[in-house]
Amino acid sequence: MATETFDKQKTIDLRQKHVGPSCKVFFSHDPIKIVRARGQYMYNEKDEKYLDCINNVAHVGHCHPDVVEAGTKQMELLNTNSRFLHDNLVLYAQRLQATLPEKLSVCYFVNSGSEANDLALRLAWQYTGHKDIITLENAYHGHVSSLIDISPYKFHQMAGAEASQHVHVALSPDIYRGKYREDHPDPATAYAENVKDVIEQAHEKGRKIAAFIAESLQSCGGQVIPPVGYFQKVAQHVRNAGGIFIADEVQVGFGRVGTHFWGFQLQGEDFVPDIVTMGKPIGNGHPMSCVITTREVAESFMSSGMEYFNTFGGNPVSCAIGLAVLDVIEKEDLQGNALHVGGYLTQLLDELKKRHPLVGDVRGRGLFIGLELVRNRDKRTPATAEAQDVIYRLKEQRILLSADGPHRNVLKFKPPMCFTREDAELAVDTIDQILTDLEKALGLHMHEAVISENGHSKRKEHSEENGLALDHTSNDSSHKHTGTIPHSKKTNKRLRT
């Protein structure tokens with residue numbers, strides 16, 4: 001069992017000496033040293049407890065004893081690669097497939113969400129014979145070269161970088177901040193028509209579409225919930241163009257949305273992707289992931305003549321751990337917990353919105369929720385600096401939350417699935433007090449609400465700056481917290497969580 005070896009400063013010094021400088025940490029001016037965790041709690045070297053509101057990797061809870069036991073027992077018995085027959089592999093494949101539509105029946109086991117999405121692209125390229133990929137604004141699909149190319153969230157950060165000619169970016173189906181908003185009569189069709197336009201523009205250049213890829217609910221893009229019917233319409237356009245649909249469930253799968261086991265199922269029973277990728281929660285922290293596709297796509301991949309082999313993918317230990325995670329989700333009804341606790345958390349955040357002018361939008365499903373902060377509700381001016389200040393003040397209260405989205409102003413809730421109503425109350429009560437203090441400092445007040453024609457509550461116009469010369473262009477989430485709003489024009493690269 002690992003024990004603390006160095007004091008915190010020594011750990012920081014060694015990290016700076018031996019770990020790549022682009023490998024960032026949370027709260028860089030005063031990072032947290034975590035030495036143990038259990039359930040939804042993490043503990044630092046002083047044994048101080050932090051409520052973890054962001055760790056969707058420890059899906060069923062940090063160090064869940066059933067998962068630890070399953071991995072330990074199998075590791076004591078055998079661990080080898082999938083070239084040997086082993087029941088864990090086929091049992092796990094069978095259990096996973098049972099959670100999906102019957103059409104999705106063939107599994108490829110790999111080691112990370114990035115590896116899963118990279119393999120999904122290979123499958124699409126081989127099956128269609130085409131090369132081009134359609135992705136969404138602000139999308140993130142992984143850190144390997146093929147995925148940086150299709151991740152605007154990442155490649156837009158690179159100075160002088162040029163988008164790959166075989167990658168086409170469609171509008172994010174964001175009905176709060178996007179081109180087509182909540183007052184649009186049919187945003188699903190409008191956003192899908194944009195994808196159709198992208199396809200036609202590609203065809204005019206002589207290019208052919210292999211696949212459309214999207215997170216079932218965009219995470220790094222700002223907790224975006226696509227309007228119902230969007231995926232069906234997009235899939236029709238893409239398939240008419242000879243492409244296939246890839247649903248990235250790396251961040252939102254395994255019951256997190258509450259009502260369904262997979263995020264794409266929120267679109268309706270009539271929608272089935274051609275490929276589903278999964279990672280993060282699949283192993284509760286153990287490095288494993290999976291690609292599941294149709295028999296037709298799998299047989300096409302085999303026809304290339306190139307054997308596919310993954311040294312660690314589908315090994316007996318990984319599959320034992322994966323089976324244990326599925327068992328815990330079922331035994332502890334964690335999907336039901338996501339539905340009920342997530343609904344309660346959303347209710348608390350909606351009530352928070354009624355009291356605080358800084359809260360522009362609350363959106364999400366289950367235990368996947370975004371709280372978007374704005375300086376002006378009518379103009380939806382992103383409250384970037386305020387969001388970063390909230391994150392740091394929460395950290396001081398030992399609550400861990402992060403902010404993301406294109407403006408870094410969306411507070412992201414995606415905690416371990418064992419999150420409780422009491423945890424929700426603690427987090428929201430603390431945010432309530434922080435927002436009260438910030439709004440007082442900024443001179444923001446919740447004016448008498450008026451109801452707009454579309455039925456949404458809007459407050460009366462007020463000065464965006466309220467006489468305060470504050471700079472809110474910063475994306476810096478690593479400033480030294482001083483108890484005031486940060487002032488910085490430096491834009492730092494974002495941490496994906």
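Student: How much area does the protein chain expose, and what share of it do carbon and sulfur atoms supply?

Tutor: In this predicted model, the protein chain exposes about 22,000 Å², and carbon and sulfur atoms supply 50% of that area.

Student: And what percentage of the residues is buried?

Tutor: Of the 497 residues in the protein chain, 55% are buried. As for secondary structure, the chain has 13 helices and 18 strands, and among contacts with a separation of 6 or more, 72% are between residues 24 or more positions apart.

Student: OK, cores next. How many residues does the largest nonpolar core have, and which have the most contacts inside it?

Tutor: The largest nonpolar core has 101 residues, and Phe212, Tyr230 and Met278 are those with the most contacts inside it. Helix H10, which covers residues 316-331, gives the largest share of this core, with nine residues.

Student: Where does that core lie with respect to domain 1 and domain 2?

Tutor: It lies between them, because domain 1 (8-60 + 334-492) and domain 2 (65-331) both give residues to it. Apart from this core lies another one, of 23 residues, which includes Val110, Ile150, Ala298 and Phe301.

Student: Back to Met278: which residues is it in contact with, leaving aside its neighbours in sequence?

Tutor: With neighbours within four places left aside, Met278 is in contact with Leu96, Leu100, Ala116, Glu249, Val250, Phe254, Trp262, Ser289, Cys290 and Ile292. One of these, Cys290 in S10, also stands opposite Met278 as its partner across the strands.

Student: Which strands does S10 join, and in which sense do they run?

Tutor: Strand S9 (residues 275-278) is joined to S10 by four bridges, and the two run antiparallel. Strand S4 (residues 106-110) also runs antiparallel to S10, and five bridges join that pair; within it, Cys107 has Ile292 of S10 as its bridge partner.

Student: Which way do the residues of S10 point, and are they buried or exposed?

Tutor: Ser289, Val291 and Thr293 point one way from the strand, while Cys290 and Ile292 point the other way, and all are buried. S10 is accordingly described as mostly covered, with five of its five residues buried.

Student: Let me zoom in on Cys290. What is its relative accessible area, and what does it touch?

Tutor: Cys290, which is found in strand S10 (residues 289-293), has a relative accessible area of 0%, and therefore counts as buried, the cut-off being under 20%. Not counting residues up to four places away in sequence, Cys290 touches Leu96, Cys107, Tyr108, Phe109, Val110, Ala116, Val276, Thr277, Met278 and Ile282.

Student: How far apart are Cys290 and Val250?

Tutor: In sequence Cys290 and Val250 are 40 residues apart, and in space the C-alpha to C-alpha distance is 9.3 Å.

Student: Different topic: phi angles. Which residues other than glycine have a positive value?

Tutor: Arg398 is one of them, with phi near 60 degrees, and Arg408 is another, with phi near 55 degrees. Most residues other than glycine have a negative phi.

Student: Where is each of them, and is each buried or partly exposed?

Tutor: Arg398 has its place in the loop between helix H12 (384-396) and S14, and with a relative accessible area of 36% Arg398 is partly exposed. Arg408 sits in the loop between strand S15 (402-404) and strand S16 (410-413), and Arg408 is buried, at a relative accessible area of 5%.

Student: You mentioned S14, so which sheet is that in, and what is the strand order?

Tutor: S14 belongs to an open sheet of four strands with mixed pairing, ordered S1-S2-S3-S14. Strand S1 (34-38) and strand S14 (399-400) are the edge strands, each pairing on one side only. Strand S2 (residues 41-44) and strand S3 (residues 49-52) pair in the antiparallel sense over three bridges, and Tyr43 stands opposite Lys49 in S3.

Student: Last one, helix H13: what length does it reach, and what follows it?

Tutor: H13 (residues 421-442) has 22 residues and reaches 31 Å from first C-alpha to last, close to the 32 Å expected at 1.5 Å a residue. Its buried residues include Ala424, Ala427, Val428, Ile431, Leu435 and Leu438. Gly443 follows H13, and the phi of Gly443 is positive, near 75 degrees.

Key. Residues are numbered from 1 along each chain as its sequence is written. This is a predicted model: local features need pLDDT of at least 70, side-chain atom pairs count only at pLDDT 80 or more; totals for chains, interfaces and linings use all residues. Side-chain values use heavy atoms; hydrogens and water are left out. The expected span of a helix is 1.5 Å times one less than its number of residues. Buried means under 20% relative accessible area, exposed over 50%, partly exposed in between (1.4 Å probe, protein chains only). Two strands pair if DSSP finds at least two bridges between them. Contact means heavy atoms within 4.5 Å. Accessible areas come from the Shrake-Rupley method with a 1.4 Å probe; for residues, only the protein chains shown count as cover. A nonpolar core is a set of buried Ala, Val, Leu, Ile, Met, Phe, Trp, Tyr and Cys residues joined through side-chain atoms within 4.5 Å. Domain bounds come from an automatic or database domain assignment.
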